[in-house]
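Colleague: Got a minute to walk me through this one? I'm new to it.
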Amino acid sequence: LAAASDQEDVSAAAGLASGLWTTFVKLVDVPMRRLQALIGQRNMPYMFLLPNLAFFGVFVFLPLAINVWFSVTGGSALFLGQRPYVGSQQYAYLFDCGSYLDPSSCREDRFWRGVQNTLVFTFFQVTMMVLFALVTALVLNMKIRGRGFFRAVYFFPVLLSPVVVALIWKWILQRDGLINAGLTSLGGQKILFFVDPSWAMFWAVFVSIWAHMGFYTLILLAGLQGIPADLYEAAEMDATPAMRVLWRITLPLLWPNLMVVIVLSLIKAVQTFDEVFVLTGGGPGSATLLIVQYIYDTAFANQVQNFGLASAASVVLGVVLFLLTLIQIGLSQRGKTA
Amino acid sequence: MSVVEVLAKTRGGRRLHWTDYAAYAYLAIGVVLMFGPVVWLALSSFKTQAGLLEFPPTLLPMSQKEVVVQGYDKPLPLFRVKLPDGTTKVMGQARRIGLQAQMVDPADPAKRVNVAIDQREPVREMAFATSNYTEPLRRFDFLRYLGNSVFVTIVATIITLLINSMAAFALSIYEFPGRNAAMVTIIGTLMIPITVILVPVYLVVTSLGLINSLWAVILPGAATPTGVFLLRQYMMTLPRDLIEAARMDKASEWQIYARIVLPLSLPALAVLAIFSVMWRWNEFLWPLAVLTKSESYTLQIGLNSFQGELQVQWHYLLAMTMLTLLPVSLVFVFLQRFITTGIANTGMK
């Protein structure tokens, strides 16, 4: 009975929605017909494109130009007219370093710590995540029972918000948390994970992998299932050892997907902010400060809002992402033609 | 057939190889690792403040039983006491002085016994501290954050579906000069994520007078390259003769879009709608930059500010985290297959 009334509710809601939509379509049709009579049917596609392109213009392309302008002006004013032109001063400030390998020798040492941390974070996050995603996809591709269930379990964290993910792990990793309970029951000592710089970075990488691995597993699994079954049947007829099948059939054919996954996860990892910001706040000190948090802090969270410096840093980040995206497009094009 | 036999038979019906055992072991560890933390959050969110401070933590939410005893204002915590004569008895604790505790027999309130504190053990029962959920609703603006998040998610998704489907319609149904240029422009915006243009978008939104308004969260991400691409791929497969027939019947181009193409594209629209809901519900960096007044916080921003303010109030924080997680989990339970195939087909998240 309850189910039946639920269904009635759903269909009533659907009916209401379609009623509203029909009315909306009728109302909009009047001006749209006028417009079509005025500019002709030929020009109508431009009208359909207009809203989307207007949004992109105002919220993507215009900001892109403003970003460059911000990065060559100084002061703490937000509006462009009140910002004095300073040329390449912001960039010179960012890149003023005794040695690029040693952030503390730089004038803007937090930027370089951010760069260094982002490189470390990205390296470990991408290699470990792709490795585990690959193994998981290979296991899920075996003839096992309950594949749908296991696939769903690995995918579930992908849907959680970064704030929720970070709070779940913060709770587990806190001083009197589950991990420390396990450690002491095994006779160990409690560890203050967020006070030790190396542990903080380790858990930042771990939590980020936990949250995103399911997504890449899913893409790799789709790739694996696209490999023609007769190849495996032929290998079985020849009694080819499993490892040889993996190296000679599975991995070569999965290679295009694998490359896409690597570059895609690189692009995402370089931009990591949310879960690490909530988990560690960039700390202890600046041990887990990533480049996007540096930009956010510099523009919005610091006492003096330095929009120029933040913009210069984001132009640098933008160039890196642009190059990575070109690589990705090149790879996916090659994957299509191959 | 026993459960073990069912599990031991693989899909092909062949015998289990050691690799199958290894696979199941790997997957079992995976289930614990991926799902365990969420279960732990759920269990912890029902513990009392005192229960959360316990170390080592208990698995289930337990709390000490209490008893109302005549002559005492407050309910007394119950202990199982080992009495000097060797018997054990359940008694309430009236007060504790150093290493001694004064115990009262609930059945005989006049009689008090002093025992050493290591001679007594708390009597505990499973208890769900639902006040973790109900109190923050009254004390904090949680309902407002929830409302803001729901508003942002619904309105943004409707706008995204509308304008992206219009663009996809133009790019898939018509041949017109500049079509490829428009396509390249739209796909090109993939290269410019919000992390790169954070400051200038903030300027644009400020100039439009939208700071601290929910529209500042909704508008910048409304047009999405992935959405246009997904819908266009689907619309390209629609039969053209339907559209030609409608034109013969003097339908306007708007009617062709709204009455013919959109209803036929419902499966693709549904996928985009699910993605949009996920994006919006979970969005963090941009709202964090643009929403500075707590009246306009979304759930994610509100939750983040809770954990800043209430460093020690884990009992509220965990319950709020649970409530934030719940809608997405419900969507996942019902639409899991839909979401995973959508992602596998489009490669987007």
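Modeller: Sure, here is a quick chat about chain B and then some aromatic rings. It's a predicted model, so local features need pLDDT of at least 70, side-chain atom pairs count only at pLDDT 80 or more, and totals for chains, interfaces and linings use all residues. Residues are numbered from 1 along each chain as its sequence is written, chains are lettered from A and ligands numbered from 1 in the order in which they are written, and side-chain values use heavy atoms, with hydrogens and water left out.

Colleague: OK, how many helices and strands are there in chain B?
Modeller: Chain B has 15 helices and eight strands. Those are DSSP runs numbered from the N terminus: H or I for helices, at least four residues, and E for strands, at least two.

Colleague: And what radius of gyration does chain B have?
Modeller: It's 30 Å, while a compact globule of 349 residues would be near 20 Å. That radius is taken over C-alpha atoms, and the globule rule is 2.2 Å times the number of residues to the power 0.38. Along the principal axes, the C-alpha atoms of chain B fill a box of roughly 100 × 65 × 40 Å.

Colleague: How much of chain B counts as buried?
Modeller: 50% of its 349 residues. Buried means under 20% relative accessible area, exposed over 50%, and partly exposed in between, using a 1.4 Å probe and protein chains only.

Colleague: Switching topic: how many aromatic pairs are there over all chains?
Modeller: There are 45. Rings of Phe, Tyr and Trp (its six-membered ring) pair if their centres lie within 6.5 Å; planes under 30 degrees apart are stacked, over 60 edge-to-face, and the rest tilted. One of the pairs is F48(A) with Y257(B), which is tilted, at 5.5 Å centre to centre and 55° between the planes.

Colleague: Where do those two sit?
Modeller: The pair crosses between chains: F48(A) is in helix α2 (residues 44–71) of chain A, and Y257(B) is in helix α11 (residues 253–264) of chain B.

Colleague: Is F48(A) buried or exposed?
Modeller: F48(A) counts as buried, at 0% relative accessibility. Y257(B) is buried too, at 0%.

Colleague: Why is the F300(A) and F307(A) pair called edge-to-face?
Modeller: Because their planes are at 70°, with the ring centres 6.3 Å apart. F300(A) is buried with a relative accessible area of 12%, and F307(A) is buried at 2%.

Colleague: Which aromatic cluster holds F300(A) and F307(A)?
Modeller: One whose members also include F70(A), Y296(A), Y202(B) and F284(B).
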